[in-house]
Every structure is written in C-alpha cells, then in structure tokens.
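Open your viewer, switch on the side chains, and get ready to click along. Each stop says what to select and what you will find there.

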Amino acid sequence: MRDLQLIDLGLKDYKETWNYQEELFQGIVDLKIDNRRNNTTHKTPNYFIYVEHPHVYTLGKSGDLSNLLLSEAQLKEKGATFYKINRGGDITYHGPGQLVGYPIIDLDNFFTDIHKYLRFLEEVIIKTLAEYGIESERSEGETGVWLGVGTPFARKICALGVRTSRWVTMHGFALNVNANLGYFDNIIPCGIKGKAVTSMEAELGKKIPMEEVKEKILKHFSEIFEATFVKE
C-alpha cells in the first residue's frame, strides 16, 4: 500500500495542524494494533500534508529552551507563537513562505528503517533544489539539507524532524522557499551555533512559485519512495 493521500491545508495554525497530524497518526497506529490483536490484515493508509504556518517557533523533545532568544513579550511583539513538541531535533521556525511537508505514513508499507527514511526525505529536497540550479547536500551529523558544507558559508535551507511509533511517522520537513529569514535571528536554529540559514529566494534573488515547488517535491518523493499520490 504505497498510495499517499495528498492534503493541502494552505496557511494553517500550527497547533491545529499538529492536532490534525496526531489524529491521522493515531488512526494508523490504532489500525496496526487492531490488526495484530485480531490477526487481521486491514491496509493502513498513508498521508502527505502540505502546509504553511503563521509565525511559530517549535522546540523538539531533546531541544534546549535557551536556543529561543525571545521572551514571551517579545514573541507577542513579533506576532509569533511557541510550542514544545514531540518530534526529534531542537528549535526551528515556521512561517509564511516556508513550505512544510508532513508525511504521515506507515513505514511497514515501504521499509522499516528510520535512518533510511530521513535520508530519503533529504534526497527529495536535494533533487528538487537541483532543478533550480541550487547545489545542496547533507552535512555529516546534522540532519537536514545544506548549502556550502565545509566552507565558512555553510547554510541550512531545509530542516527535518520526525516522530515515529510502531513504524508510523509524523512531522517532517520545512523548506525555506520565500520565508522571511529575519525570524531565524531570534533562535539558534536547530541548536547549531555559527551556521546560517538561507532560502530559495535568497539564493536565486527572486520569488519562487510555491505551487511549482510543491509539484516538484511530489514528483521526486514518488520516484524515491516508489509511491503514488492521490489528491483529495
């Protein structure tokens, strides 16, 4: 079962989207538990959510709160919210112009290897960026997609953070397409000091059509994961 139901939420509040993710995630987990208990083989669904969030900072379960450089009052001034959440990784920012993808999939339908799953997600982004002439790569020991690795100008363009239970995934990637990079100045992104953040717009000097990027990501995801997307 390698079909993924594509759900595009447009601009959506982070907490509302998180609750929605949890609902879909738990539905798959519950079905797997039910299959095991009753010795049944009901197919588990897979989902892929696209969303942009209003300004928000999120801190992963292993993250350090000191990497958020704003007080509660300053967050309000900037029109941003903050949540401590249940994915891996440290602190990151989401906001308009940043394309967020949440694959909520049963890895039993694909392969049961979290490391491979993360590398495949990175590969989807690397191949997408290559279509725009942006040469990106992995940085050893640092999950995500980077530019200029090994130079004084190393900069991150896509963050990754996932949660899994019973081989079901949630959370995902955040690609800076036309994001306001000024908001990253208020955190130590992913807890990594001395590394900059960039966007497709900053690298190419022009706004990039979001819908076009979405289509390219779906194409590469389909190829790499050998999956099929089914639109709502």
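Which residues are linked with R119 in a network of salt bridges? Select R119 together with E122, E123, K127 and R138, and you have the network on screen. Keep in mind as you look around that this is a predicted model.

**Stop 1: a pair inside the network**

Keep E123 and R138 selected and hide the others for a moment. These two form a salt bridge, with 2.9 Å between the closest N and O atoms. E123 sits in helix α3 (residues 114–130) while R138 belongs to strand β7 (residues 137–139), so the bridge ties together parts that are 15 residues apart in sequence. Now turn on the surface. E123 is partly exposed, at 22% relative accessibility, and R138 is partly exposed too, with a relative accessible area of 33%. In the whole structure there are 16 salt bridges, and the next stop shows two more of them.

**Stop 2: K214 and its partners**

Select K214 and D8. Their closest N and O atoms are 2.7 Å apart, and the pair forms a salt bridge. It links distant parts of the chain: D8 is in strand β1 (residues 3–11), K214 is in helix α5 (residues 210–225), and 206 residues separate them. Which of the two is buried? K214 is, at 7% relative accessibility, whereas D8 is partly exposed at 37%.

Now add E211 to the selection. K214 also forms a salt bridge with E211, where the closest N and O atoms are 3.1 Å apart. Both residues lie in helix α5, and because they are 3 residues apart, about one helical turn separates them.

**Stop 3: along helix α5**

Show α5 as a cartoon and measure from end to end. Its 16 residues should span 22 Å at 1.5 Å a residue, and the end C-alpha atoms are 22 Å apart, which agrees. Next, colour the buried residues of this helix: M210, V213, K214, K216, I217, L218, H220, F221, I224 and F225. Then step just past the end to E226, which follows α5 and has a positive phi, near 50 degrees.

**Stop 4: D106 in its loop**

Move to the loop between β6 (98–104) and α3, where D106 is found. Is D106 buried or exposed? At 2% relative accessibility, D106 counts as buried. Its side chain makes a polar contact of 2.7 Å with the side chain of T44. To see the surroundings, select I28, K32, T44, P45, N46, R166, W167 and V168, with which D106 is in contact when its neighbours within four places in sequence are left aside.

**Stop 5: the largest pocket**

Finish with the pocket display. The largest pocket holds about 370 Å³ of space. It is lined by 29 residues, and those closest to its centre are G88, G89, L160, G161 and V162, so centre your view on them.

Which elements each supply at least two residues of this lining? Colour β5 (91–94), α3, β8 (142–147), β9 (155–165) and β10 (168–176) to find out. Among them, β9 gives the most, with 7 residues in the lining. Helix α3 should be familiar by now, as it holds E123 from your opening selection.

How values were computed:
Residues numbered from 1 in each chain as written. Predicted model: local features only at pLDDT ≥ 70, side-chain atom pairs only at ≥ 80, totals over all residues. Heavy atoms only, no water. Salt bridge = Lys/Arg side-chain N within 4 Å of Asp/Glu carboxyl O. Helix = DSSP H or I, 4+ residues; strand = E, 2+ residues; numbered from the N terminus. Buried < 20%, exposed > 50% of the residue type's maximum accessible area, 1.4 Å probe, protein only. Polar contact = N/O pair within 3.5 Å; in protein donor to acceptor, adjacent residues only side chain to side chain. Contact = heavy atoms within 4.5 Å. Expected span 1.5 Å × (residues − 1). 1 Å grid on protein atoms, 1.4 Å probe; cavity = no way out; pocket = protein on both sides within 12 Å on 5 of 7 lines; lining within 4 Å. Points joined across faces, edges and corners; volume = space filled by probe spheres on them.
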